Each structure stands twice: as structure tokens, then as C-alpha cells.
Amino acid sequence: MIYEFLLDMELSNYFEPIDIETVGFQSQEFRPMLGDDIVAYTERGRFPALGEARLALLGVKEDRGSVDNRGCAAAPDPIRHYLYRLAKPHEEMHIVDLGNIAPGAEKRDTYFALIEALQQLIEQGLTVVILGGSDDLVFPIYKAYEVLGRVINICSVDSHFNLEGGEEINSRNYLQHIILQQPNYLFDYMNVGYQTYFVGQEMVQLMEELKFSTRRLGEVQVKMENAEPLIRYSDVVAVDISAVRQSDAPANAVPSPHGFYGEQLCQIARFAGMSDKTSCMGFFEMNPARDHNGQTAHMLAHAVWFFIEGFYYRQNDFPSSGIRDKQFYKRFTVELREHGLDIVFYKSLKSDRWWMEVPCDDTERRERYLRHTLIPCSYDDYQRAMENEIPELWWHYYNRING
């Protein structure tokens with residue numbers, strides 16, 4: 001108990017309380033609301049205890065790394081304004097809202113605070129939802145997992161790849177800075193929703209050469225389930241609000257007439273919430289100064305709500321080693337005779353979700369990538385294997401794991 005108290009006190013140094021008048025939340029007797037069950041940091045000296053918490057919300061008021069979208073630092077409280085008023089998605093919840101990380105004297109100071117806070121929260125087993133700030137905050141999020149020594153997958157819901165050049169980290173080049181880190185703790189970077197006319201064919205080719213996973217906007221919109229295995233495989237899911245079309249999300253300096261619909265973003269958020277692997281989801285680049293009647297803030301509140309709902313419906317059915325019990329999984333071995341290999345599939349009897357196993361012959365690599373040798377997939381992948389076709393995802397990750 002003393003140790004937990006000291007950790008909570010140390011965490012509180014990085015946060016400023018929520019201005020509850022700005023959020024403007026008041027309980028109502030006739031309808032229980034999400035805000036009634038959130039233990040929020042609203043007064044200095046009364047930082048929420050993390051003991052029973054499973055989910056933590058936090059805002060980051062930093063936008064100095066945003067390209068052409070200054071003002072997104074102000075996003076956390078407008079999102080809370082709508083989020084707190086939504087109905088409870090689950091009967092019993094343990095959620096804390098830790099307040100906002102204020103901008104430091106320099107951008108790197110804010111990065112440091114976010115790294116330290118995330119590292120402590122994730123180490124204590126909490127899942128974290130980050131509200132507001134600019135897209136470059138994915139870099140310190142990655143660094144927090146680096147501190148923990150965890151090799152991770154990051155999924156970016158974005159119309160761009162964020163691979164532009166430049167020595168100073170910003171919202172358009174943070175991926176370049178992540179992949180240059182040595183030693184590197186990024187196993188895979190996945191983009192969901194890129195738009196080719198924004199990135200160009202050369203950049204698409206570069207992503208292929210880097211062996212990163214991508215799903216074009218049209219491919220996902222035809223069938224949203226095309227994105228689910230990638231999201232389920234992600235430790236971090238980062239949403240750039242410019243991935244949503246302007247008609248649904250005007251609060252960005254560079255909105256596009258094309259992109260995801262608001263309800264599609266909510267579906268993506270629910271996929272992430274239901275993933276046993278996802279421990280951090282962030283919503284970035286929402287600029288309240290450019291919003292119309294709170295439309296974008298309201299839509300993002302809905303997306304956070306769907307993440308929370310998905311979280312409380314997690315099945316804990318990731319078939320990690322030692323728990324592939326016949327009571328919970330059905331195992332299928334598919335022989336691909338033309339290719340001279342067998343692929344092992346697992347189907348969860350709890351959720352009907354599928355995984356496939358990727359072999360690794362190198363002992364050192366197998367130990368390093370132990371969490372990544374079971375790949376989320378779809379029933380379609382199993383059907384392809386049954387037709388003697390190697391599933392694209394299996395081949396992609398076989399090449400990554402085996403170098």
C-alpha cells in the first residue's frame with residue numbers, strides 16, 4: 001500500500017487537475033452517466049488512487065510538434081465535455097481521469113513527462129486512453145515501451161505515413177525518428193486508412209520495403225473487418241483526426257473531403273478496446289478552434305466511449321503459450337502441399353476470433369519476438385489456406401520474424 005501511494009504521488013507531479021467548470025459535468029438522478037463512475041483529478045492534493053483502476057484517461061496539452069495545426073493542445077477538455085455526459089457502457093467500471101499533462105518549458109519536457117507517466121501506468125497493468133495534443137506524441141509513447149523493454153506494434157489510423165524528413169520531431173516525421181532508434185523496439189508499424197493521393201506511390205513502395213503493414217482507405221471501407229486483425233495485433237493505436245472526413249470532423253487545419261465516417265472510427269475504437277493486446281490508444285490533432293458546435297469533440301467522445309465499451313467486453317482469449325486449452329480453442333492444422341508447409345490456426349470458442357502461428361527457427365529471435373509469433377487473422381485467411389494459398393498476413397510476418 002505504501003509503495004502504491006508513493007507511485008501515485010510521483011505520478012501526480014506530471015499532471016494538472018481538470019477544470020471541472022470547463023468540462024461542465026453535473027450528475028443527473030434520472031440517468032446514470034459515464035462521468036458518475038470516473039474518478040477524476042479535479043483538485044490539487046487529491047490525485048486519484050490507482051489501486052482498483054483498469055482504465056486511465058489523460059490529456060496532453062502539447063502541440064508544438066504539430067505541422068500547421070497549432071491549437072490541438074486544447075482538445076482534452078472539450079472531448080471530456082461530451083464524454084462525461086454519455087451513458088455508462090458497462091455496469092461496473094474502474095476508470096480514473098488523471099487530468100492533463102501541461103506543456104513543459106520545451107517540447108522534450110512534455111515528452112519526458114508522458115514517457116514517465118505511461119511507463120508507470122502500463123507497468124501497473126492499466127490501459128491508457130490519451131486525449132488531445134499532436135500526432136508526434138506517438139514518439140514518446142513508443143519511448144515509454146522502450147523503457148519497459150517491450151517490443152511493440154503501433155497502428156496508426158491516418159491518411160499519411162508520417163515518414164517525412166527533418167531533424168526536429170513533428171507530426172509528419174515521427175515514424176522516421178522511431179525506426180532510427182537503436183536498439184529498436186518496434187516490431188511492426190501498421191497504417192490503417194492511408195490515402196494514396198496524399199502519400200504517393202514512392203512512399204507506398206517505401207512502406208513495402210520497410211515490411212510495414214498498410215491498409216488503404218478504400219480497402220478498409222469496403223469491409224471494416226479487414227482492419228480488425230491489425231488493430232487486434234497492436235499494443236498502441238494512434239488516431240490522427242484528419243483520417244476522418246471533413247463533414248464528420250472539421251476540427252483540423254488540413255481536413256479532407258474523404259476519409260473514414262465517424263461511425264467507422266467508432267468501430268475501429270471498439271476493435272482496439274476489445275483487443276487483449278492494446279494497452280494505449282490516443283486521439284490526436286483535434287483543434288477545438290476549428291470545430292463547428294463541438295461536432296468533432298462530440299464524435300471523438302463517442303469513439304472513446306466505444307473503446308471503453310470494447311474494453312469491458314474483452315474476452316482475454318489471446319492464445320498465448322500454455323493456455324491453448326481445448327476447452328477454449330479449436331486448433332486447425334492446414335497442410336499446404338504445393339508449398340511444403342503446414343499452418344496452424346486457432347479459433348477462440350469464446351469470441352470466434354482467429355489466430356495463426358508463425359514459426360521461427362532462430363532461438364534468439366524466437367525469444368525476442370515471442371509475443372509476435374501468434375498473428376491475429378480472419379476466417380478468410382483460414383479459407384485461403386484451405387485453398388492451398390499462403391495468407392498474405394502469414395507470409396508478411398514470417399518474413400519479419402525470420403529476417
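In helix 4, the buried residues (buried meaning under 20% relative accessible area, exposed over 50% and partly exposed in between, with a 1.4 Å probe and protein chains only) are Pro-76, Asp-77, Ile-79, Arg-80, Tyr-82 and Leu-83. Helix 4 spans residues 76-83 and is mostly covered, with six of its eight residues buried. Helices (H or I, at least four residues) and strands (E, at least two) are DSSP runs, numbered from the N terminus. The model is a predicted one, in which local features need pLDDT of at least 70 and side-chain atom pairs count only at pLDDT 80 or more, while totals for chains, interfaces and linings use all residues. Residues are numbered from 1 along each chain as its sequence is written, and side-chain values use heavy atoms, with hydrogens and water left out.

What do the buried residues of helix 4 pack against? Their partners, in contact through heavy atoms within 4.5 Å, are helix 2 (20-23), helix 3 (34-37), strand 2 (55-60), strand 3 (95-101), strand 4 (127-131) and helix 13.

Turning to the sheet, nine strands form an open arrangement in the order 1-3-2-4-9-8-5-6-7, with parallel pairing; two strands pair if DSSP finds at least two bridges between them. Strand 1 (38-40) and strand 7 (213-216) are the edge strands, each pairing on one side only. On average, neighbouring strands of this sheet are turned by 15 degrees against each other, direction ignored. Axes here are lines fitted to C-alpha atoms, for helices over the stretch in contact, and angles run from 0 to 180 degrees between N-to-C directions.

Strand 5 (residues 152-157) pairs with strand 6 (residues 186-194) in the parallel sense over six bridges. Within strand 6, Val-192 is the bridge partner of Val-157. Helix 16 (residues 392-401) packs on the sheet by touching strand 6 and strand 7, and its direction makes about 145 degrees with that of strand 6. Strand 5 also pairs with strand 8 (residues 236-240), again in the parallel sense, over four bridges, and Ala-238 of strand 8 is the bridge partner of Ser-156.

In a regular strand the side chains alternate between the two faces of the sheet. Both faces of strand 5 are covered: Ile-152, Ile-154 and Ser-156 are buried on one side, and Asn-153, Cys-155 and Val-157 on the other.

A nonpolar core is a set of buried Ala, Val, Leu, Ile, Met, Phe, Trp, Tyr and Cys residues joined through side-chain atoms within 4.5 Å. The largest such core has 130 residues, and Phe-15, Ile-130 and Phe-345 have the most contacts inside it. Helix 13 (residues 295-311) gives the most to this core, with 10 residues. Leaving aside neighbours within four places in sequence, the residues in contact with Phe-345 include Phe-332, Trp-354, Met-356, Tyr-382 and Pro-391. A second, separate core of six residues includes Phe-318, Val-344, Trp-355 and Leu-374.

Finally, how many disulfides are there? With a disulfide taken as a pair of cysteine sulfur atoms within 2.5 Å, the count comes to zero. For Cys-72, the nearest cysteine sulfur, that of Cys-280, is 16 Å away; Cys-72 counts as buried, at 0% relative accessibility. For Cys-360, the nearest cysteine sulfur is that of Cys-377, 19 Å away, and Cys-360 is buried too, with a relative accessible area of 7%.
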